[in-house]
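Okay, thanks everyone, I'll keep this short. Have a look at the structure on the screen and I'll talk you through a few places in it.

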Amino acid sequence: MEFMEVDENTPQLYVRTPEDVKAIVKHAKLDERQLTQLTQALYFPSADVDSDNLRLLELDGHMLEQIRDGQTLHFKGGQNEKVVLCTDERTYDVKGAEISNSLLLVQDLKFAAATSTSPLKSPRTGNANASLERSLNDSTEDELEVPRTLEQRRVLKVFHEYFECREIKPRFRKLGELLHLTRYSGPENEFCVEQKLLFTLSQLLDTVQCSRAQFMEGLNHYRAMELDGRMRVMEYEYEYRIISLMLGVISENSWALDEVERDETIDALQGIAPEAVVAGLFDLYTTPSERCPGKFEYNESLVARIVAQNILQPGLRFRNEEFMRTWQEALPEGMSCQLKYLRGLGICDKEGAQPCIRSLAEEQLPTNINDRMKALFKTKQRWTMEEMEPYIECFTTPTLSVSTLLAKHARSLTDGGVRYFVSKH
């Protein structure tokens with residue numbers, strides 16, 4: 001079909017007529033009796049029609065469901081960041097992709113049965129008029145004149161590319177970087193904090209490239225809390241000191257680990273730390289007790305990690321037995337230390353004469369996958385998949401697993417029945 005450029009504000013030089021349609025059908029050697037009675041003529045818009053604000057976006061089932069439920073999708077990205085698209089639950093990487101054929105965006109275009117006025121063409125008639133339809137098909141052109149209606153349709157835009165969306169892991173690194181600019185270390189040190197670098201929860205949500213649900217997970221990951229209307233994280237040494245004092249309240253009151261009193265813990269630290277800080281840390285480090293309603297118990301993993309972080313100072317190495325003994329002695333009675341609590345915080349190095357444990361914080365490694373792999377293999381020559389997983393899982397996607405990343409960026413070898421990964425170069 002021939003397309004023409006028309007403008008609503010100027011006289012049209014030429015517009016399709018039913019006679020034109022019949023002539024084109026005849027030249028195309030089509031049987032007009034096999035076509036519906038409505039013809040839609042498509043016209044390209046004039047050059048002054050602005051359609052640059054229209055883009056073609058690929059949606060998966062989750063995004064489509066969100067839109068149908070009335071939810072909002074958000075594009076996020078700073079000046080030097082790749083744009084992402086976020087729903088309330090997921091984050092997608094957005095990339096431009098070419099279309100092999102041109103796609104036309106046409107408003108109010110009719111399809112299938114909507115273009116027919118004959119009961120013979122209606123899907124509701126079934127086979128009721130089968131004999132009548134055969135009679136029509138057997139008729140000659142001279143015997144039957146097919147009525148034809150012509151409607152004009154304007155092409156809003158021609159697309160040669162679209163936005164392709166691929167689900168990715170939330171990009172929390174920026175959240176941590178922004179929060180660490182104003183780390184809280186007590187009211188006496190607040191004069192050192194640059195006030196313009198303090199952010200509210202909504203400001204961070206608008207800035208960080210992740211969905212709302214993932215954003216809340218990120219705040220919990222960095223142990224952020226709201227102080228005076230701004231989101232803050234604690235200076236590590238300050239946080240460790242307050243947590244140690246809070247844990248001391250357990251032994252002072254001879255509480256069982258699952259019968260911790262929230263109000264008494266906060267009251268016990270009055271004058272030592274701001275109430276909002278103690279209450280915030282208590283809520284981050286504890287969960288409601290299953291055995292004692294209304295009381296709480298500390299999360300063993302979180303407590304063990306902050307204690308281990310205090311022991312694993314950068315540059316220090318500990319023999320396995322020495323570290324585990326020191327770690328266990330620093331924990332409250334009834335809590336146990338387990339190597340799995342060191343995930344993304346420290347590593348067990350068995351390559352030397354004596355196995356040792358040392359610090360290796362995931363959040364301090366490069367954000368580029370190639371640079372991160374170089375840093376990891378510079379730290380240790382051989383890794384198992386379990387050891388390397390916490391340091392590269394941030395690069396995985398629903399279709400890109402840890403094993404796939406390792407196959408691409410490392411070499412594997414087997415020693416003593418154990419599979420290790422080493423640098424490719």
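I'll start with the overall numbers and then go through a helix, some strands, a couple of loops and the aromatic rings.

So, first thing to keep in mind: this is a predicted model. We've got 14 helices and 15 strands in the protein. Out of 425 residues, 38% count as buried. The exposed surface comes to about 25,500 Å², with carbon and sulfur atoms supplying 48% of that. And if you take contacts between residues at least 6 apart in sequence, 67% of them join residues at least 24 apart.

Okay, helix α4, residues 173–180. Which of its residues are buried? Those are Leu175, Gly176, Leu178 and Leu179. They span an arc of only 165 degrees around the axis, so they sit on the same side of α4. As for what covers those buried residues, the list includes α5 (201–207), α6 (212–221) and β8 (230–232).

Now over to the strands. Take β2, residues 38–45: this one is mostly covered, with 7 of its 8 residues buried. What does β2 pair with, and in which direction? The partner is β6, residues 149–168, and the two run parallel, joined by 6 bridges. If you want a spot to click on, Leu42 has Arg153 in β6 as its bridge partner. While we're on strands, here's the general picture: in a regular strand, side chains alternate between the two faces of the sheet.

Then there's the pair towards the end of the numbering. β14 (residues 410–415) and β15 (residues 418–423) pair antiparallel, again through bridges, and the count here is 6. One place to check the register is Thr414, which stands opposite Arg419 in β15. The two strands make a hairpin with 2 residues between them, and Gly416 in that turn has a positive phi of about 65 degrees.

That's a glycine, fine, but which other residues have a positive phi without being glycine? One of them is Arg223, with phi near 55 degrees. You'll find Arg223 in the loop between α6 and β7 (225–227). Ser254 is not a glycine either, and its phi is positive at about 55 degrees. Ser254 belongs to the loop between α7 (236–252) and α8 (262–268). Is Ser254 buried or exposed? Exposed: its relative accessible area is 62%, and the cut-off for that label is over 50%.

Last topic, the aromatics. The count of aromatic pairs is 7. One of them is Phe318 with Phe323, with 5.9 Å from centre to centre and 55 degrees between the planes, which makes the pair tilted. Both Phe318 and Phe323 are buried. There's also an aromatic cluster formed by Phe282, Phe296 and Tyr298.

And we have charges sitting over rings. Lys380 puts its charged end over the ring of Trp383, 4.7 Å from the ring's centre. Arg382 lies over the face of Tyr420, and there the distance to the ring centre is 4.2 Å. Tyr420 falls within the residue range of β15, so that takes us back to the hairpin.

That's my tour. If you want to flip through it yourselves, I'd go back to the α4 residues on that one side of the helix, then to the β14 and β15 hairpin. Okay, over to you.

How values were computed. Residues are numbered from 1 along each chain as its sequence is written. This is a predicted model: local features need pLDDT of at least 70, side-chain atom pairs count only at pLDDT 80 or more; totals for chains, interfaces and linings use all residues. Side-chain values use heavy atoms; hydrogens and water are left out. Helices (H or I, at least four residues) and strands (E, at least two) are DSSP runs, numbered from the N terminus. Buried means under 20% relative accessible area, exposed over 50%, partly exposed in between (1.4 Å probe, protein chains only). Contact means heavy atoms within 4.5 Å. Accessible areas come from the Shrake-Rupley method with a 1.4 Å probe; for residues, only the protein chains shown count as cover. The arc is that of the directions from the helix axis to the C-beta atoms. Rings of Phe, Tyr and Trp (its six-membered ring) pair if their centres lie within 6.5 Å; planes under 30 degrees apart count as stacked, over 60 as edge-to-face and the rest as tilted. A charge sits over a ring if NZ of Lys or CZ of Arg is within 6 Å of the ring centre and within 35 degrees of the ring normal. Two strands pair if DSSP finds at least two bridges between them.
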